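Here are a few exercises to help you find your way around a new structure. Have a go at each one before you read the solution.

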Amino acid sequence: MDLRRLAVVAALLAAAAVAAEGYNITKILAEHPEYSQFNKLLTETRLAGDINRRRTITVLVVANGDMGALAGGHYTLPTLRHILEMHILVDYYGAKKLHQLSRGDTASSSMFQESGSAPGTTGYVNITQHRGGRVSFTAEDAADSATPSGFVKSVKEIPYDLAVLQISKPLSSPEAEAPVAPPAPVNLTELLSKKYCKNFAGLLAANADVFSNINATKDNGLTLFCPVDAAVDAFMPKFKNLTAKGKAAILLYHAVPDYYSLQLLKSNSGKVSTLATASVAKKDYSYDVQNDRDTVTLDTRVNTAAVTATVKDDDPLAVYAITKFLQPKELFKVVEDLAPAPAPEGPKKKTKKKTKPATTSAAAAPSDDDSAADSPDDASADDAADKAGAAPPVLASWVIAAATAAAAALALAA
């Protein structure tokens, strides 16, 4: 294999490795102190997590000295989120792509447009290439007197997943800068009781510490997965056998301390941490969110539940009804993948053997240290409450694309 071929393969494998591991916008910007204020706002508005969950994104960052009103405390947090969403394009624009626009300009949708808060086309950003290679960005609804923001430099690029570009100043968008009314107070128990989740609401209300924790989190970003009433009924024999500590942990396990819109759940897969993760020392208490087209499933490695209905989806609170009571691996035995059945063999001579009578035992309740139970999940009880089939896990398309590209490069370089 010659040096040219080795270089091509090494570059492609490196890109595939980066894509497989994903990226962390907070860590990327932390390497550049000149963007510390912008980075801080991404964290405070919870947009950093939304960026990290995307596969194709361009972030337009602004240096500390150019932040203007964004750094002066002139906007509330919900309004700041809208303004920053205008700076996050849901497509990849590396420096090379910017300077090779086919018609000299294009319009890209932003996360503000995707959020549904931007009426009409006000959430789009116009990208224009000028003579001499200069590139500018302008919000679709910017006033005629507003000057465009210019492209300064590329900060970080992971083709074709992430591009971080510095622009000369924040984008001007009257729609994004409009004051956002604070959300109306939400009575969590009343909300759950009205739609699908009355029994689960009762379990939360009966545990004062758990309810207080979840209720205090809902105003800062919360996604709650509530088992439907039939699922709670099916799980109650196991729930009653849990310790007080185990009951608290499994209830908190259904709450994710971040807001996930249904659209985001349907377009991204990955591991999420829960309030139980933060409440129980040295325990994971996470699960995988998976999607297949319009079906969203939660895989705990003990059981899998599907999202069947939206109870509420309004930033910062999302509540979704699910088909099963989620069972964490910290409290119940993991269901191992079954090996394929062996090929059938020819008939064998029957022999009589003395067999011991089969014995069954109920799922052992976890001890106070939340160790795993001794028996596997009772699938029959869950199946009785399951109204929708679980979607199989889907391989990330960018991993497949990376492998395909590597194979093609090998053929070309040969």
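The exercises below work on a predicted model, and each comes with a worked solution.

**Exercise 1. Find out which parts of the chain have pLDDT below 50.**

Start with the overall picture: the mean pLDDT of the chain is 81, and 76% of its residues reach 70 or more. Next, look at residues 6-20, where the pLDDT is below 50. Leaving aside near neighbours in sequence, that stretch has 11 contacts in the model. Then go to residues 346-414, where the pLDDT is also below 50; beyond near neighbours in sequence, this stretch has 93 contacts. A word of caution: where pLDDT is low, the predicted coordinates should not be read in detail.

**Exercise 2. Work out how the buried residues of helix α11 are arranged, and what they pack against.**

First, pick out the buried residues of α11 (residues 208-217): they are Val-210, Ile-214 and Thr-217. Now look down the helix axis. These buried residues fall within an arc of 65°, so they line one face of α11. Turn to the face pointing away from that buried side, and you'll meet the exposed residues Ala-208, Asp-209 and Ala-216. Last, check the packing: the buried residues of α11 pack against several elements, among them α9 (188-194), α10 (198-206) and β8 (222-227).

**Exercise 3. Compare where the partners sit in three of the salt bridges.**

The structure holds 15 salt bridges, so let's take a few in turn.

- *Arg-54 and Glu-114.* Their side chains meet at 2.5 Å, N to O. Arg-54 lies in the loop between α4 (47-52) and β1 (57-62), while Glu-114 is in helix α7 (residues 111-114), so the pair ties together parts that are 60 residues apart in sequence. Buried or exposed? Arg-54 is buried, with a relative accessible area of 14%, whereas Glu-114 is partly exposed at 29%.
- *Asp-315 and Arg-81.* Here the closest N and O atoms are 3.2 Å apart. Asp-315 sits in the loop between β13 (304-314) and β14 (317-322), and Arg-81 in helix α5 (residues 77-85), so this pair links distant parts of the chain, 234 residues apart. Asp-315 is partly exposed, with a relative accessible area of 29%, and Arg-81 is buried at 9%.
- *Glu-190 and Lys-194.* This salt bridge has an N to O distance of 3.2 Å. Both residues are in helix α9, four residues apart, which means about one helical turn separates them. Glu-190 is partly exposed at 41% relative accessible area, and Lys-194 is exposed at 63%.

One more step: salt bridges that share partners join Arg-46, Asp-50, Arg-53, Arg-81, Glu-85, Asp-258 and Asp-315 into one network.

**Exercise 4. Trace the seven-strand sheet and say why one side of β9 and of β10 is left without a neighbour.**

Begin with the order of this open sheet: β9-β8-β14-β13-β12-β11-β10, with mixed pairing. Strands of a sheet pair through backbone hydrogen bonds, either parallel or antiparallel. Now look at the ends of the order. β9 and β10 (270-273) stand at the edges with a single partner strand each, so one side of each has no neighbour in the sheet. Finally, zoom in on one pairing: β12 (residues 295-299) and β13 pair in the antiparallel sense over three bridges. To find one of their contact points, look for Asp-299, whose bridge partner in β13 is Thr-304.

Note on methods. Residues are numbered from 1 along each chain as its sequence is written. This is a predicted model: local features need pLDDT of at least 70, side-chain atom pairs count only at pLDDT 80 or more; totals for chains, interfaces and linings use all residues. Side-chain values use heavy atoms; hydrogens and water are left out. Buried means under 20% relative accessible area, exposed over 50%, partly exposed in between (1.4 Å probe, protein chains only). Helices (H or I, at least four residues) and strands (E, at least two) are DSSP runs, numbered from the N terminus. The arc is that of the directions from the helix axis to the C-beta atoms. Contact means heavy atoms within 4.5 Å. pLDDT is the predictor's confidence in each residue, from 0 to 100. A salt bridge is a side-chain nitrogen of Lys or Arg within 4 Å of a carboxyl oxygen of Asp or Glu. Two strands pair if DSSP finds at least two bridges between them.
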